[in-house]
Amino acid sequence: MEPGFVGHLFLWRHATPEDTDSDGDLARRLTPHGQAQAQKSAQWIGQILQNHSLALQAISSPATRACETMAALTTNYVVDSRLAPGRPGREYLELVRHRLTHATDAVVLVGHQPCIGEAIASLMFDASASVHVERSSVWWFAPDESAASGSSSVILRGLFAP
């Protein structure tokens with residue numbers, strides 16, 4: 001696929017939240033188990049960012065559980081409604097398209113299933129499908145350095161599931 005960006009993309013599904021919240025779905029917070037999951041995933045991402053000297057741009061869904069997941073990695077993030085539950089996965093990739101312009105750029109998106117799975121399927125298979133993504137799992141995509149010169153294809157570089 002030709003995603004139209006260079007740099008590194010981390011697609012991170014939020015960690016395990018409470019089952020319900022009296023204030024609605026967006027207000028659901030992480031459970032203690034979810035907080036531990038988020039910490040493990042954040043450590044994995046942080047190590048990659050450090051090892052590759054990547055400049056982080058962090059974007060979260062407006063859902064509390066997603067913001068709490070991202071906060072395990074950084075408090076310097078933006079919230080974007082295009083990552084809200086129920087939005088199409090293609091919006092995740094559109095959001096990234098203009099942010100990854102250098103090989104040392106890294107965008108971390110925290111969002112929801114099935115949106116994350118749709119974005120992953122689009123990157124991996126160029127298809128309108130979805131893959132199952134476990135809670136707090138992180139999929140790391142990077143430029144395919146073996147691709148023909150001038151190509152902007154990406155490869156799956158790593159996958160972490162706490």
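**Group meeting: helices, sheet and rings in a predicted model**

Let's start at helix α2. Arg65, Ala66, Cys67, Glu68, Thr69 and Met70 are buried there. Buried means under 20% relative accessible area, exposed means over 50%, and partly exposed lies in between, with a 1.4 Å probe and protein chains only. Helices are DSSP runs of H or I with at least four residues, strands are E runs of at least two, and both are numbered from the N terminus.

Two housekeeping sentences. This is a predicted model, where local features need pLDDT of at least 70, side-chain atom pairs count only at pLDDT 80 or more, and totals for chains, interfaces and linings use all residues. Residues are numbered from 1 along each chain as its sequence is written, and side-chain values use heavy atoms, with hydrogens and water left out.

Back to α2. Six of its eight residues are buried, so this helix is mostly covered. What does the covering? The cover over the buried residues of α2 includes β1, α1, β2, β3 and β4. Contact here means heavy atoms within 4.5 Å.

Helix α3 next, residues 89–97. Its buried residues are Gly89, Glu91, Tyr92, Leu93, Leu95 and Val96. Their cover includes β1, β2, β4 and α4.

Now the sheet. It is open, has six strands, and its pairing is mixed. The order reads β3-β2-β4-β1-β5-β6. Two strands pair if DSSP finds at least two bridges between them. Which strands sit at the edges? β3 and β6, the latter spanning 154–160, each pair on one side only.

Let me walk through some of the pairings. β2, residues 55–60, runs parallel to β4, residues 105–111, over six bridges. Within that pairing, isoleucine 59 faces leucine 109 of β4. β2 also runs parallel to β3, residues 78–79, joined by two bridges. On the β3 side, isoleucine 59 has valine 78 as its bridge partner. Between β2 and β3 the chain passes through helix α2, residues 64–71, and this β-α-β crossover is right-handed. Right-handed means that, with the strands pointing away from the viewer, the path from the first strand over the helix to the second runs clockwise.

β1 and β4 are parallel too, with six bridges. Arginine 13 has glycine 111 in β4 as its bridge partner.

Two helices lie across the sheet strands. α1 crosses β1, β2, β4, β5 and β6, at about 175 degrees to β1. Helix α4, residues 115–125, crosses β1, β4, β5 and β6, at about 145 degrees to β1. Axes are lines fitted to C-alpha atoms, for helices over the stretch in contact, and angles run from 0 to 180 degrees between N-to-C directions.

On to the rings. How many aromatic pairs are there? The structure holds three. Rings of Phe, Tyr and Trp (its six-membered ring) pair if their centres lie within 6.5 Å; planes under 30 degrees apart are stacked, over 60 edge-to-face, and the rest tilted. Phenylalanine 10 and tryptophan 140 are stacked, at 5.7 Å centre to centre and 5 degrees between the planes. Phenylalanine 10 is in strand β1, residues 8–13, and tryptophan 140 in strand β5, residues 138–143, so this pair links parts of the chain 130 residues apart. Phenylalanine 10 counts as buried because its relative accessibility is 0%. Tryptophan 140 has 6%, so this residue counts as buried as well.

Tryptophan 140 also pairs edge-to-face with tryptophan 44, at 6.3 Å and 80 degrees. Tryptophan 44 lies in helix α1, residues 32–51, so this pair ties β5 to a part 96 residues away in sequence. Ring pairs link Phe10, Trp44, Trp140 and Phe160 into a cluster.

One residue in β6 deserves a look: leucine 156. Is leucine 156 buried or partly exposed? Leucine 156 is partly exposed, at 35% relative accessible area. Leaving out residues up to four places away in sequence, leucine 156 touches Met124, Trp139, Trp140 and Phe141. Methionine 124 is 32 residues from leucine 156 in sequence, but 7.6 Å away C-alpha to C-alpha.

Last item, cysteines. Disulfides number zero, with the cut-off at a pair of cysteine sulfur atoms within 2.5 Å. For cysteine 67, the nearest cysteine sulfur belongs to cysteine 115, 15 Å away. Cysteine 67 is buried, at 13% relative accessible area. Cysteine 115 is buried too, at 1%.
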